[in-house]
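Biologist: I'm new to this one. Can you walk me through what I'm looking at?

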Amino acid sequence: MSLGRQFSLLLTQTHRSYLRIVSPTLCSKVRISNSDCNRGFASAEKLVDVAVNEKTGISTVTMQRLPVNSLNLELIQELNKTFDSLEKDNSRGMILTSASPTVFSAGLDILEMYKPKPDRLKDFWASLQDMWLKLYGCSYPSVAAINGHSPAGGCLLALSCEYRVMVGPNYTIGLNETKLGIVAPKWFLYSMQNVLSTRETELALTMGRMFSTDEALKIGLIDEVASDKQDAVSKAEKFLIGMSKIPATARKLTKLVCREEALKWLTKNREQDLQQFLHFVNLEAVQKGLHLYLEALKKK
């Protein structure tokens, strides 16, 4: 049976359970309307806000593509510009968080992959590759203040940072792509494997497991638990202030040595990774599966 056919069958069987797994709160906020499907991608709203603490030099980067910060092309591009600016300005540290009260990021925007325009789809995936390379390989220290649910691509953002503080106890985090019959790219795997053991990563990915805040702390997926967003940001700042006491060059080079293999892999295999994504997304069975998922969201 082809991979695309497997995707269609799996999605037909599991889309309802997937919506329950992510959480009723998140599902209610990602409700899809007919107008959403008309691809009104452009928005006058500011997708990313950057606030710099003049005393500490720490930048708080807030995603604000509400309601759930789903990663569409425009949001990814804005994040890329932000990460570039932080590098150029020799940022002393970054806190990545969300303007949503209950969702850090719901992951990749499925509308980017459903009945896609070829050029936009290529730009979307290439920009996502850029985003990961910039964040995972950034020279400045980074912390994710996870103030809500963080499935799939949202989890990838958090894993790309060096430290993770998550609000508890009612939110979840994980690379749950297999719940939709999707195989996570190798660089997603590298990101989790940098945090968890190879065995724990394999189980988490194959089962598409979503971890509660306490479970994530116990397994090592996150580093601290916070009572609310303000507490998460405060703990993130404390970590970054501690990092500022480490000689910068030694810290940067050590980080890059630890992450070198993963960064080199994607840099070397970008085109192959892109072509595999384009082929998979355009399979008829995959498009059918995405259609079923979007229809399920409309009914929530």
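Modeller: We'll go through the sheet, one helix, some salt bridges and a few loops. Keep in mind that this is a predicted model.

Biologist: Start with the sheet. In what order do the strands run?

Modeller: The order is β1-β2-β3-β4-β6-β9. These six strands form an open sheet, and their pairing is mixed.

Biologist: Which strands sit at the edges?

Modeller: Those are β1 (48–52) and β9 (224–226). Each of them pairs on one side only.

Biologist: How many degrees are neighbouring strands turned against each other?

Modeller: On average 20 degrees, with direction ignored.

Biologist: Take β6 and β9. Are they parallel or antiparallel?

Modeller: Parallel. Three bridges join β6, residues 163–167, to β9. One pairing to look up is Val-167, whose bridge partner in β9 is Ala-226.

Biologist: And what comes after β6?

Modeller: A loop lies between β6 and β7 (172–174), and Pro-169 is found there. The peptide bond joining Gly-168 and Pro-169 is cis, with omega at about 0 degrees.

Biologist: Where else is there a cis peptide bond?

Modeller: Between Leu-66 and Pro-67. Omega is about 15 degrees there. Pro-67 belongs to the loop between β2 (59–63) and α3.

Biologist: What else is in that loop?

Modeller: Asn-69. Its phi is positive, about 55 degrees, although it is not a glycine.

Biologist: Is Asn-69 buried or exposed?

Modeller: Buried, with a relative accessible area of 0%. Now look at Asn-90, in the loop between α3 and β3. Asn-90 also has a positive phi of about 55 degrees. But Asn-90 is exposed, at 60% relative accessible area.

Biologist: Back to Asn-69. Which serine touches it?

Modeller: Ser-100. Leaving out residues up to four places away in sequence, Ser-100 touches Leu-66, Pro-67, Asn-69 and Asn-147. So the list includes both partners of a cis bond, since Leu-66 and Pro-67 are joined that way.

Biologist: Where is Ser-100 in the chain?

Modeller: In the loop between β3 (94–98) and α4 (118–136).

Biologist: Why does Ser-100 count as buried?

Modeller: Because its relative accessibility is 2%, and buried means under 20%.

Biologist: Which backbone nitrogens lie by its side chain?

Modeller: Those of Thr-102 and Val-103. The Thr-102 nitrogen lies 3.2 Å from a polar atom of the Ser-100 side chain. For the Val-103 nitrogen the distance is 3.1 Å.

Biologist: New topic. How many salt bridges are there?

Modeller: The structure holds 13. One of them pairs Glu-74 with Arg-120, with the closest N and O atoms 2.8 Å apart. Glu-74 is in helix α3 (residues 73–88) and Arg-120 is in helix α4, so the pair ties together parts 46 residues apart in sequence.

Biologist: What else links α3 and α4?

Modeller: Asp-84 and Lys-134 meet in a salt bridge, at 2.8 Å from N to O. Asp-84 is in α3 and Lys-134 in α4, 50 residues apart. Asp-84 is partly exposed, at 39%. Lys-134 is partly exposed as well, at 26%.

Biologist: And what does α10 pair with?

Modeller: Arg-270 of helix α10 (residues 248–281) pairs with Asp-130 of helix α4, 140 residues away. Their side chains meet at 2.7 Å, N to O. Asp-130 has 26% relative accessible area and is partly exposed. Arg-270 is partly exposed too, at 23%.

Biologist: Which residues form a salt-bridge network?

Modeller: Glu-74, Glu-112 and Arg-120 are joined into one, through salt bridges that share partners.

Biologist: Last thing, α7. Which residues are buried there?

Modeller: Thr-201, Ala-204 and Leu-205, in a helix covering residues 198–207. Down the axis of α7, the buried residues fall within an arc of 95 degrees, so they line one face.

Biologist: What do they pack against?

Modeller: Against α6 (186–193) and β8 (211–212). On the other side of α7, Arg-199 and Thr-206 are exposed.

Biologist: What comes just after the helix?

Modeller: Gly-208, with a positive phi of about 60 degrees.

Methods. Residues are numbered from 1 along each chain as its sequence is written. This is a predicted model: local features need pLDDT of at least 70, side-chain atom pairs count only at pLDDT 80 or more; totals for chains, interfaces and linings use all residues. Side-chain values use heavy atoms; hydrogens and water are left out. Helices (H or I, at least four residues) and strands (E, at least two) are DSSP runs, numbered from the N terminus. Buried means under 20% relative accessible area, exposed over 50%, partly exposed in between (1.4 Å probe, protein chains only). A polar contact is a pair of N or O atoms within 3.5 Å; within protein, one must be able to donate a hydrogen and the other to accept it, and residues adjacent in sequence count only if both atoms are side-chain atoms. Contact means heavy atoms within 4.5 Å. The arc is that of the directions from the helix axis to the C-beta atoms. Two strands pair if DSSP finds at least two bridges between them. Axes are lines fitted to C-alpha atoms, for helices over the stretch in contact, and angles run from 0 to 180 degrees between N-to-C directions. A salt bridge is a side-chain nitrogen of Lys or Arg within 4 Å of a carboxyl oxygen of Asp or Glu.
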